[in-house]
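User: Hi! I have a structure open and would like to talk it through with you. Could you take a look?

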Amino acid sequence: MPEAPKKSLNPSDYSVTEQNKKALQFIEDVTSKPDEVQRRVLAEILSQNACVEYLRRHGLQPNSDRETFKKIMPVITYEDIHTDINRIANGDKSPILCSKPISEFLTSSGTSGGERKLMPTIEDELGRRSLLYSLLMPVMNQFVPGLDKGKGMYFLFIKSEAKTPGGLVARPVLTSYYKSSHFKDRPYDPYTNYTSPNEAILCPDSYQSMYSQLLCGLCLHNEVLRVGAVFASGFIRAIRFLEKHWTLLCNDIRTGTLNPQITDPSVREAVMKILKPNIKLADFIEHECSKRLWQGIITRLWPNTKYVDVIVTGTMSQYIPTLDYYSNGLPLVCTMYASSECYFGVNLNPLCKPNVVSYTLIPNMAYFEFLPVNRNNGVTNSVTVPKKSLNEKEQQELVDLADVKIGQEYELVVTTYAGLYRYRVGDVLRVAGFKNKAPQFNFICRKNVVLSIDSDKTDEVELQNAVKNAVSHLMPFDTTLVEYTSYADTTTIPGHYILFWELSVNGSTAIPPSVFEDCCFAVEESLNSVYRQGRASDKSIGPLEIKIVENGTFDKLMDYAISLGASINQYKTPRCVKFAPIVELLNSRVVSKYFSPKCPKWVAGHRQWNNMN
C-alpha cells in the first residue's frame, strides 16, 4: 500500500519542497490504482477484526474476500448497531465491533432519538486523520505558493465532552484531534504555524478562547497569509465578535496588557508572549473598525491574506454572500471532506468556485461503497433515498469506488478500521470527474436534513414533532395550526430558525405574546441535543422565531409553486423554504412575530447517562 509522507521532527531538516513532493506523489500513487488500494484496505480491516462478535454474528468467516463480504454483510444505519454501541458505552470491553480497544466515542452532528450518535474510534485513526491533514497544504501550495513564509489565522475551538457510564470519553472529532498529541505535540511544519497558541485553542471557555485568538491574530496581522475556521458560520461569528469587542482588543494592544476577563492562567501566559504595546497598530485597527461599513474588513486588517479557508459546501453555502462581503471577494477554499465516522478526501482544485467544489476520496482511509439515489427536483429539492432497511436486490446495487459513473448521485457507505461495516453515512454525493482512476465527488446534501445553521441537522420528522408539542399551548384559546413551514435565517449572526405559522383562531380571547413565546421555547426544547448545545452552550444558534402569517398565505404559496410548474395534484407544502421569492412572499404576509425567551436545557452527554448519575 502507498506509504504516507513522513514529517520531520527537526526544523533544520525540514524541506518544504521535499515534503510537498512526497505528499503529491502519495496522492498520485493512491489515485492511480484505487481499486487495488481498496481491496487491500478491506482485507486489512477484515483480517484485523476477523474474530469480532458483529462479523461472526452475521456468519462472516475469517479470510473472507470482498465478494463474500458484500454478499453476507448487511448495509446498515446507526439504529442497527445502537445496541452494540450502548454495550460498549456501558463498559463491555469484549471485541464487539473491533478487535482493538475502543479509545473513545466521537459524537456525530447527526442524531438518533434526539441524542448525538456515538461513533467508535481507535488510537490508529488519529494517524489516518493526520495523514489527510498533511496532504492539504502541499496541494494548496501548487496554487498559492509561499504559504510557508507566513502564518494561518484559524479560529479553532474545543467543545464540551462527557463520559459514558463505562468511562469512555465522548466528544466531537475535532475536539478529540485538538486534544491529541498529534495536534498538541505536532512536529515542525511551517504550514501548521498558526497565530493562535494551543492554549487559546484548548481553552474550554468560548469567550476567552475567541478573544485570545482574535487578539493574537491582530498582533500578528502582517504575518497572516490565510484565514479560516472549520465552518463558514464559525468564521462569521469571529468577525461579529470583533465587531462587538474591537475597542477592548485595541486597548490591550495599545497598552500591552491583557483584559482581566481572560482568567485562564495558561492562556494569559501564552498570549503575553505575543502581546506587546503597539500604539501604531492599535490606532490602525481603531481607524478601520470605527468605519461605518465593514465591507472588506478581512483584507483591511490582514492585508496579506490570500484566501479564506472554510467549509462552504452543503448548508454552509448560505453564508457565501456574507463571507464575500467581509473578505472583498477573496477565494473561499474548501480543502477537505470529513465526518465523525471517517475522514474521506481532499479538494485537489482548492481555488475553484464553491458551487463546483469536488473532493477526491483517498482510498486508504476506509473501504467505500456507493448506493445509487435519485432526486426529485421541485420546490423542496428533496432527495429520494432507499428506505432504511435494504432488500437483497438493493444491497446488490452498491458499487465500489472505482466503478461509480460520472454524473450519478450516490449515498456514501463506509467500512472503517474502527468497527463500522457497510455503514450508511447519510451524505449524498455526485460524481464530478476523476483524478487518474479515482472519482471526485460534489457534496450535494445531507440526507433528510430540513434545517441547519451550524453543525445542527434537523429533519422533517423531528421538526413536525417539535411543532406538534408547541401548538398544544394554543389549545386553551381554541386555536389550531392550519399550515407551517420553516426557514434557516443566516442574515442574523448567529443565524436562527424561523417558523411561519398560519392559524385558525376560533376563540374570542386574544392570545397573549407570552403564549407564543412559550411555543417558541417548546419547539426548542423538543429539538435534538446538537441544536440545544448550539443554543445553550456554543451560542452558535440564535433564539428560534415564530412568524404568524395572514390567513390564506399558504394558498398563495401553492399558487406560486404551481405557476412555476408544480403539479396541483402532487403539491405538498414544503416544510422548509430557501428560494428567495418564496421567503419574500411569506415575509410580506407576516402579522406578528415572537422569539424564544430563553435557552433550552442542555447538558453534555446523553440524557440517560445523566439520569444514571
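Analyst: Happy to; this is a predicted model, and we can go through it topic by topic.

User: Great, cysteines to begin with. How many disulfides does a search of the whole structure find?

Analyst: The count is 0 disulfides for the whole structure. Take Cys203: the closest cysteine sulfur belongs to Cys216 and sits 12 Å away, which is too far for a bond. Cys334 is in no disulfide either, with the sulfur of Cys352 as its nearest cysteine sulfur at 7.4 Å. For reference, the cut-off is a sulfur pair within 2.5 Å.

User: And are Cys203 and Cys334 buried or exposed?

Analyst: Cys203 is buried at a relative accessible area of 3%, and Cys334 is buried at 0%.

User: Thanks. On to helices: how far does α2 reach from its first C-alpha to its last?

Analyst: Helix α2 covers residues 34-48, which makes 15 residues, and it reaches 21 Å. That is close to the 21 Å expected at 1.5 Å a residue.

User: Which residues of α2 are buried?

Analyst: They are Pro34, Val37, Gln38, Val41, Leu42, Ile45 and Leu46. Looking down the axis of α2, you would see these buried residues within an arc of 165°, so they line one face of the helix.

User: Why would residues three or four places apart point the same way?

Analyst: Because an α-helix has 3.6 residues a turn.

User: Nice. Switching to polar contacts, what joins the side chains of Asp427 and Tyr337?

Analyst: A polar contact of 2.6 Å links those two side chains. Asp427 sits in strand β17, residues 423-435, and counts as buried with a relative accessibility of 4%.

User: How many cavities of 30 Å³ or more does the search find?

Analyst: It finds 5 of them in the whole structure. The second largest cavity has a volume of about 60 Å³.

User: What lines that second largest cavity?

Analyst: Its lining is made of 13 residues, and Glu125, Arg129, Ser340, Glu341 and Cys342 lie nearest the centre. At least two lining residues come from β2 (115-121), and at least two from α6 (124-141).

User: Now backbone oddities. Where is there a cis peptide bond?

Analyst: Between Ile493 and Pro494, with omega about -5°. Pro494 is in the loop that runs between β21 (479-489) and β22 (496-505). As background, most peptide bonds are trans, and most residues other than glycine have a negative phi.

User: Then what is the phi of Arg422?

Analyst: Arg422 has a positive phi of about 50°, although it is not a glycine. Its place is in the loop between β16 (409-415) and β17. Arg422 is also buried, with a relative accessible area of 0%.

User: What about the phi of Asp478?

Analyst: Asp478 has a positive phi near 50°, and this residue is other than glycine too. You'll find Asp478 in the loop between α17 (460-471) and β21. With a relative accessibility of 42%, Asp478 counts as partly exposed.

User: Let's do some C-alpha distances. What separates His58 and Ile72?

Analyst: Their C-alpha atoms are 7.0 Å apart, with their positions 14 residues apart along the chain. His58 lies in the loop between α3 (53-57) and α4 (66-72), where it counts as partly exposed at 31% relative accessibility.

User: How about Ile548 and Leu499?

Analyst: Those two are 49 residues apart along the chain, and 8.4 Å separates their C-alpha atoms. Ile548 belongs to strand β23, residues 545-549, and is buried with a relative accessibility of 7%.

User: One last pair: what is the separation for Leu330 and Val549?

Analyst: For Leu330 and Val549 the C-alpha separation is 39 Å, and the two residues are 219 residues apart along the chain. Leu330 is in the loop between α15 (320-327) and β8 (332-333).

User: Is Leu330 buried or exposed?

Analyst: Buried: Leu330 has a relative accessible area of 13%, and the cut-off for buried is under 20%.

User: Perfect, thanks for the tour!

Notes. Residues are numbered from 1 along each chain as its sequence is written. This is a predicted model: local features need pLDDT of at least 70, side-chain atom pairs count only at pLDDT 80 or more; totals for chains, interfaces and linings use all residues. Side-chain values use heavy atoms; hydrogens and water are left out. Buried means under 20% relative accessible area, exposed over 50%, partly exposed in between (1.4 Å probe, protein chains only). Helices (H or I, at least four residues) and strands (E, at least two) are DSSP runs, numbered from the N terminus. The expected span of a helix is 1.5 Å times one less than its number of residues. The arc is that of the directions from the helix axis to the C-beta atoms. A polar contact is a pair of N or O atoms within 3.5 Å; within protein, one must be able to donate a hydrogen and the other to accept it, and residues adjacent in sequence count only if both atoms are side-chain atoms. On a 1 Å grid over the protein atoms alone, a cavity is a set of points where a 1.4 Å probe fits but cannot get out, and a pocket is an open set with protein on both sides within 12 Å along at least five of seven lines; lining residues have an atom within 4 Å of a point. Grid points are joined across faces, edges and corners, and a volume is the space filled by probe spheres set on the points.
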